[in-house]
Amino acid sequence: AYALVARWDEAMASLALAERWHAAAVEESKAREAEGGEDGNSWYAQLALGEAKRELNRIGSHVRSGLARAKRPPSSISGGGLLPDTRGALCRTFLLPAATSTAPVAAAAASRKRARASDGDGGKQGDALSQSLFDTLRRAFGLDTACAGPSPAADERAEKGGKAKRRKAEALASQLQLFAARYAKCVGGSSAVFKMRHVFAGADGCRGTDLPLCVEVCSGNGDWAVAQAAATLGSFNWLAAELRYDRVWQILSRVLTGKVANLALVGGNAHALLGRHLRPGSVSHVFVNFPEPPHHSGDANAESAVELLSPAFFKSAHAALAPILKGGEGGGRLTILSDSRTYSLTLARLLGALHGEAGAPLFASTHTLLAHLKGGGIDQDWAGAREDSGGVAVHHGVPGRAQGHHVRVASYFDRFWEQGQHVERYFIDVTRLPA
């Protein structure tokens, strides 16, 4: 956080303290193993230490680079200056309040109907949400510090008395007002739908605001979403959704240190995001990577009250995805990657059983639609092993570019199972059909 507002001395001090802690924890772990004190959870500890080291290396690289650049003459600095666009990234970050993020399905459906209307400014629903999101950013993500900017110069610090405090308070109020005005363009007016053309307007490197929108739900620490967005800058805009605010902060940190301008963030319930806050038919691709299965016991009939991938979620995803074009081309897609064959087969059956009001299926396996368009031929990108479950294919292996995974990224789960367990991967890729 210090580094993101160019407080390099404080950032270096915090980094040094964290690195000393990590070195001590590694030595303690080695000592326990040498004494034979290893237990069944030791590899979890090793994984945690490894993840901490990855974070220290990532943040440390940014801090040291920023400190070195700060000490150079301004005329010798290229590549966008000292700081990432902290305010711009925060303007693309939306922390949904609990009352909004857990909205009932009926309320979500009503909101979708209202969202079909124009983005007029005569209503209050979007204005109230905009104010709530703005307040949450100030409370949870340090918006005031970002708007205040770096530490003041020496001559400013020397200024004493109430005058300095008043000038600082007035400057902050002015910057917060400017931020709030820009934020209100992203969500405000008559509906609670995010206006994506404003969300990405003015972002560095984004050549257009009507680019196809890809959404990853349950983004975790954001490694995958950030890598995909960076690899497709100028071709796609991205949105990463994560329930926990602390993980959204982790993603924001990666966005800023990587200067990734075509990725927006949402903290809150992904079901509410798809059902209430995205315009129907506006999403090109929805991704779910390593969803938590409700049946760790292996019982495919087990249920969980907090399971995300429910029939209601898939119906909301169907509404958010772009409709298929005449002739069968296009159409929004949903790709699910898992390390559990049991869960993948269960999800495939669930997707195959979903039908619209007219009785037509909501989704079809993408590879079958492509084969139909090509007169029955199977493209090499879809030629791997697969099995049918309820009329939907479960593919063996990992998705590639044809399935929307533009770059291969080792996730936390890949590292978790790197000792040879659960190395199998399965994925489902379906296309939205007319309801």
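Two strands pair if DSSP finds at least two bridges between them. Strands (E, at least two residues) and helices (H or I, at least four) are DSSP runs, numbered from the N terminus. This is a predicted model, in which local features need pLDDT of at least 70, side-chain atom pairs count only at pLDDT 80 or more, and totals for chains, interfaces and linings use all residues. Residues are numbered from 1 along each chain as its sequence is written, and side-chain values use heavy atoms, with hydrogens and water left out.

**Exercise 1. Trace the strand pairings.**

Task: Find which strands pair with β4, and then follow the pairings of β2.

Solution:
- Start at β1. Three bridges join it to β4, and the two run parallel. Leu 95 stands opposite Gly 267 in β4.
- Go on to β3. It pairs with β4 in the parallel sense, over five bridges. Here Glu 242 stands opposite Gly 267.
- Next, β2 pairs with β3, again parallel, over five bridges. Cys 214 stands opposite Trp 238 in β3.
- End at β5 (residues 283-289). Five bridges link it to β2 in the parallel sense. Val 217 faces Val 288 across this pairing, standing opposite it.

**Exercise 2. Judge how enclosed two strands are.**

Task: Decide whether the residues of β4 and β2 are buried or exposed.

Solution:
- Set the cut-offs: buried means under 20% relative accessible area, exposed over 50%, partly exposed in between (1.4 Å probe, protein chains only).
- Take β4. Five of its five residues are buried, so the rest of the structure largely encloses it. Leu 263, Leu 265 and Gly 267 point one way; Ala 264 and Val 266 point the other.
- Take β2 (residues 213-217). Five of five are buried, so this strand too is largely enclosed by the rest of the structure. Leu 213, Val 215 and Val 217 lie on one side, Cys 214 and Glu 216 on the other.

**Exercise 3. Place helix α12.**

Task: Describe the span, the cover and the crossover of α12.

Solution:
- Span: α12 (residues 245-258) has 14 residues and reaches 20 Å from first C-alpha to last. That is close to the 20 Å expected, taken as 1.5 Å times one less than the number of residues.
- Cover: its buried residues include Val 248, Ile 251 and Leu 252. Among the elements covering the buried residues are α2 (42-70), α11 (223-231) and β4 (263-267).
- Crossover: β3, α12 and β4 make a right-handed β-α-β unit. Right-handed means that, with the strands pointing away from the viewer, the path from the first strand over the helix to the second runs clockwise.

Methods:
Contact means heavy atoms within 4.5 Å.
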